Amino acid sequence: MKQETKQEQPNILWFCTDQQRFDTIGALNNPYIHTPNLDRLVSEGVAFTRAYAQSTVCSPSRASFLTGRYPRTTRVTKNGAPYFPEDEVLVTKMLADHGYDCGLAGKLHLSGIIGRIEPRNDDGYRVFKWSPAQRDAWPIGHDYQIWLKQQGIEWSEHYKGRNGGIDEKYHQTTWATDEAIHFIRHNSQAPWLMSVNVYDPHEPFDPPQNYKERYRAEDMPLPKWKKGELDNKPRIQKEDYLNGGQGGVGPSCAHMSDLEKKQYVADYYAMIELVDYNVGKLLDELERTGQRENTVIIFMSDHGEMLGDHGLILKGAHFYEGLVHVPLIISWPGHFKENKRFDGLVELVDIAPTLLELAGIEIPYYVQGKSLLPILQGTEGEGYIHKDHVYSEYYYALLGSHDNVYATMYYDGRYKLVVFHGEEVGELYDHGTDPNEFDNLWDVPEYLPKKLELMKKSFDSSVFTVDPKPLLWLKA
């Protein structure tokens with residue numbers, strides 16, 4: 001039963017991209033990309049410069065940040081799972097039960113989507129415009145493709161792949177943003193939450209032609225790579241380098257020229273600039289309708305993209321910074337700190353409890369994240385440590401590739417330990433001396449004490465993410 005709306009509860013505009021790296025925003029030290037609207041959000045809010053995803057693939061990450069619980073706890077550990085567990089409660093459902101009117105345009109992807117319409121639980125979304133990807137691979141139920149056909153646009157005739165994608169006017173990012181604008185304009189209830197879950201900058205790196213032309217491959221930086229760095233890296237990385245990303249699904253860096261690698265960077269940045277333009281449209285709409293002062297804006301991504309770093313493209317069983325470190329900006333002028341960079345460790349699992357606390361809703365005991373509200377409001381105090389480490393998981397998460405790979409990451413802000421469970425070789429990096437993660441210290445004798453210390457802490461992290469449900473009950 002819905003409770004009476006509280007006027008002090010803010011609206012929430014939640015913009016989530018797919019597969020966007022942390023280092024793709026101009027104001028956050030990327031001189032190659034043009035992101036004026038994201039730069040504006042940075043200046044009007046808090047940029048979390050070390051935010052980490054709990055999984056390096058879509059479904060486990062999304063289930064985690066939508067519930068505030070870690071992947072192994074939600075049991076959503078793979079892309080392609082047959083269902084989303086019925087006893088898991090999304091933060092949107094909790095908000096809806098406390099008076100919020102919730103809408104979504106774009107991806108949900110809490111369970112498998114190939115060859116079927118994604119089944120829904122009681123997710124709290126009143127408006128649900130589902131679009132799992134851009135492509136025309138779902139005969140029914142794909143709201144973006146239904147809209148295209150209503151405009152007289154046939155995907156097969158207008159889509160040009162990496163040679164110019166589809167016209168900006170008909171792009172999925174444009175469509176999802178326009179659906180959000182429609183929701184904002186026609187929402188008669190307050191407060192509201194709108195999830196804008198676009199597919200870009202996910203591969204196949206296919207920006208509209210007018211955006212593609214803004215980025216010349218020759219002007220782009222080369223991916224991070226050190227000659228000989230594969231010599232002491234795990235077998236999975238060597239296989240992906242030779243055979244292609246995601247266990248052979250994507251292109252092979254071993255057979256790409258430097259210019260081809262730069263072209264991937266150029267196309268990726270072009271897609272993000274289109275995202276940025278649409279963020280600007282939403283900001284304009286909020287101001288036009290007088291809702292900016294009562295709307296919290298979240299900009300984030302579910303995980304990153306290797307983009308050629310370390311000889312890898314796409315995603316998979318890797319925990320390099322390009323893949324697990326993501327953008328996270330939260331803005332509410334007049335209520336949250338502005339133009340603030342928080343450099344401490346935070347996790348995407350922290351978003352759900354933040355929203356609950358912000359809305360004045362009691363955080364359930366089974367939510368495992370930690371609210372970011374003290375940082376946003378500037379009440380955290382000098383020397384505040386939000387978390388002393390972040391934790392990420394990969395459990396045979398891409399069906400059909402990286403067969404039987406189970407891996408976890410523990411990162412304390414300086415040392416990163418990656419354990420490939422059942423394998424002899426893992427990864428250990430010291431960001432104090434090697435921020436680009438070129439030199440694997442796993443087998444370096446003088447680092448053995450540090451490795452054992454981190455392995456103990458990593459094991460502790462895995463145990464401490466055990467599901468707190470059900471609440472212990474003791475009979476008096």
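Let's start with two strands in this predicted model: β2 (residues 45-48) and β9 (residues 328-331) run antiparallel, and 3 bridges join them. Within that pairing, Val 46 stands opposite Ile 330 in β9. Helix α13 (residues 351-358) packs on the sheet and touches β1 (11-17), β7 (295-301) and β9, with a direction about 180 degrees from that of β7.

Now zoom out to the sheet. It's an open one with 8 strands, in the order β5-β4-β6-β1-β7-β9-β2-β10, and the pairing is mixed. The edges belong to β5 (125-130) and β10 (340-342), since each of these pairs on one side only. From one strand to the next, the twist averages 10 degrees.

Strand β6 (residues 192-197) is home to Met 194. Is Met 194 buried or exposed? Its relative accessibility is 1%, so Met 194 counts as buried. Among its contacts beyond the neighbours within four places in sequence are Ile 12, Leu 13, Trp 14 and Phe 183. Met 194 also lies 9.8 Å from Ile 297, C-alpha to C-alpha, although 103 residues separate them in sequence.

Over in helix α4 (residues 91-96) you'll find Thr 92. Thr 92 counts as buried because its relative accessibility is 0%. Its side chain reaches the backbone oxygen of Asp 123 at 2.6 Å. Leaving out residues up to four places away in sequence, Thr 92 touches Cys 102, Asp 123, Gly 124, Tyr 125 and Leu 193.

Next, the rings. The structure holds 21 aromatic pairs. Here are two of them:

| Ring pair | Distance between centres | Angle between planes | Arrangement |
|---|---|---|---|
| Tyr 52 and Tyr 411 | 5.4 Å | 55 degrees | tilted |
| Tyr 320 and Tyr 429 | 5.9 Å | 40 degrees | tilted |

What does the pair of Tyr 52 and Tyr 411 link? It links distant parts of the chain, 359 residues apart: Tyr 52 is in strand β3 (residues 51-52) and Tyr 411 in strand β13 (residues 406-411). Tyr 52 is buried, at 1% relative accessible area, and Tyr 411 counts as buried at 2% relative accessibility.

Tyr 320 sits in the loop between β7 and α12 (321-324), while Tyr 429 is in strand β15 (residues 427-430), 109 residues apart. Tyr 320 counts as buried at 2% relative accessibility, and Tyr 429 is buried with a relative accessible area of 1%.

Ring pairs also link Tyr 144, Trp 147, Trp 155, Tyr 159, Tyr 170 and Trp 175 into a cluster. Arginines meet rings too: Arg 120 lies over the face of Phe 128, 3.8 Å from the ring centre, and the charged end of Arg 162 sits over the ring of Tyr 264, 4.0 Å from its centre.

Definitions and conventions
Residues numbered from 1 in each chain as written. Predicted model: local features only at pLDDT ≥ 70, side-chain atom pairs only at ≥ 80, totals over all residues. Heavy atoms only, no water. Helix = DSSP H or I, 4+ residues; strand = E, 2+ residues; numbered from the N terminus. Buried < 20%, exposed > 50% of the residue type's maximum accessible area, 1.4 Å probe, protein only. Polar contact = N/O pair within 3.5 Å; in protein donor to acceptor, adjacent residues only side chain to side chain. Contact = heavy atoms within 4.5 Å. Pairing = 2+ DSSP bridges. Axes fitted to C-alpha atoms, helices over the stretch in contact; angles between N-to-C directions. Phe/Tyr/Trp six-rings, centres within 6.5 Å; stacked < 30°, edge-to-face > 60°. Lys NZ or Arg CZ within 6 Å of the ring centre and 35° of its normal.
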